[in-house]
Amino acid sequence: MNWTPNRIALRNKLIATFPGLFDLALQTMFAFKTLPRWHHTGMELPFPSLLKRAFLKRFAVDYQLEILVETGTFLGVTPWAFRKFFKEIFTIELSETLAKLARNRFAKFDHIQVLQGDSGSVLPGLVPGSALRRSSGLMAITAED
Ligand SMILES: C[S@@+](CC[C@H](N)C(=O)[O-])C[C@H]1O[C@@H](n2cnc3c(N)ncnc32)[C@H](O)[C@@H]1O
């Protein structure tokens, strides 16, 4: 898929309009395409995204975590999936274009902050001022370029 900014913006709009349909499509694709393919390749790491998110959720529940910090926003799939789950979400994206698209996507969610920059530089500045000082957080490191 060629993710041009216009396509991403359209995709985000469609998902926001039909969130249930998007979840169903994601789960159907996972069950019928991703999971069989992953199994066929010997269930190698990394885990398929939906499984990764299931692990994140498990950790969050087990350790009663309220904050998610994600490095590598990309399309914003993870903050979207957890928008109703965590009290506060910080997501860091290197690309200015992707960060801007994510900011637009999450504009009406006060508890989701999209930070643009290299997570190596942004993270140290994030912790002192944030609720991370008062509450337990979970970090998902998915930036891999
Ligand atoms: C594999 S994607 C992330 C997938 C996403 N977390 C998800 O759950 O769908 C990697 C993203 O990390 C971003 N990235 C790469 N290096 C980065 C860095 N040093 N700091 C922040 N983001 C970075 C890339 O621009 C890309 O959007």
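## Contacts and overall fold

Of the contacts between residues at least 6 apart in sequence, 57% join residues at least 24 apart. These values come from a predicted model. Within the chain of 145 residues, 19% count as buried.

The chain contains 6 helices and 4 strands. In sequence order, these elements follow the pattern α-α-α-β-α-β-α-β-α-β.

## Strand 2 and its neighbours

Strand 2 covers residues 88-93, and 5 of its 6 residues are buried, so this strand is largely enclosed by the rest of the structure. The cut-off behind that statement is 20 or more other C-beta atoms within 10 Å of the residue's own.

Strand 2 pairs with strand 1 (residues 67-71) through 5 bridges, and the two strands run parallel. Within this pairing, L68 has I89 of strand 2 as its bridge partner. Strand 2 is also joined to strand 3 (residues 112-116), again in parallel, by 5 bridges. Here E93 has Q116 of strand 3 as its bridge partner. In a regular strand, side chains alternate between the two faces of the sheet.

## Helix 5 and the crossover

Helix 5 spans residues 96-105 and, together with strand 2 and strand 3, makes a right-handed β-α-β unit.

Which residues of helix 5 are buried? They are L98, L101, A102 and R105. Because these residues cover an arc of only 100° around the axis, they lie on the same side of helix 5. The packing partners of the buried residues of helix 5 are helix 1 (5-17), strand 2 and strand 3. The helix thus packs against both strands with which it forms the right-handed unit.

## The loop before strand 3

F109 sits in the loop that links helix 5 to strand 3. Is F109 buried, exposed or partly exposed? With 14 other C-beta atoms within 10 Å, F109 is partly exposed. That count falls between the limits, since a residue is exposed at 12 or fewer and buried at 20 or more.

F109 and R83 are 26 residues apart along the chain, and their C-alpha atoms are separated by 8.0 Å.

## Summary of the central region

Strand 2 is bridged in parallel to strand 1 and to strand 3, and 5 of its 6 residues are buried. Helix 5 connects with this arrangement through the β-α-β unit, and its buried residues, R105 among them, pack against strand 2 and strand 3 as well as helix 1.

Notes:
Residues are numbered from 1 along each chain as its sequence is written. This is a predicted model: local features need pLDDT of at least 70, side-chain atom pairs count only at pLDDT 80 or more; totals for chains, interfaces and linings use all residues. Two strands pair if DSSP finds at least two bridges between them. A crossover is right-handed if, with the strands pointing away from the viewer, the path from the first strand over the helix to the second runs clockwise. Two residues are in contact if their C-beta atoms, placed from the backbone, lie within 7 Å. The arc is that of the directions from the helix axis to the C-beta atoms.
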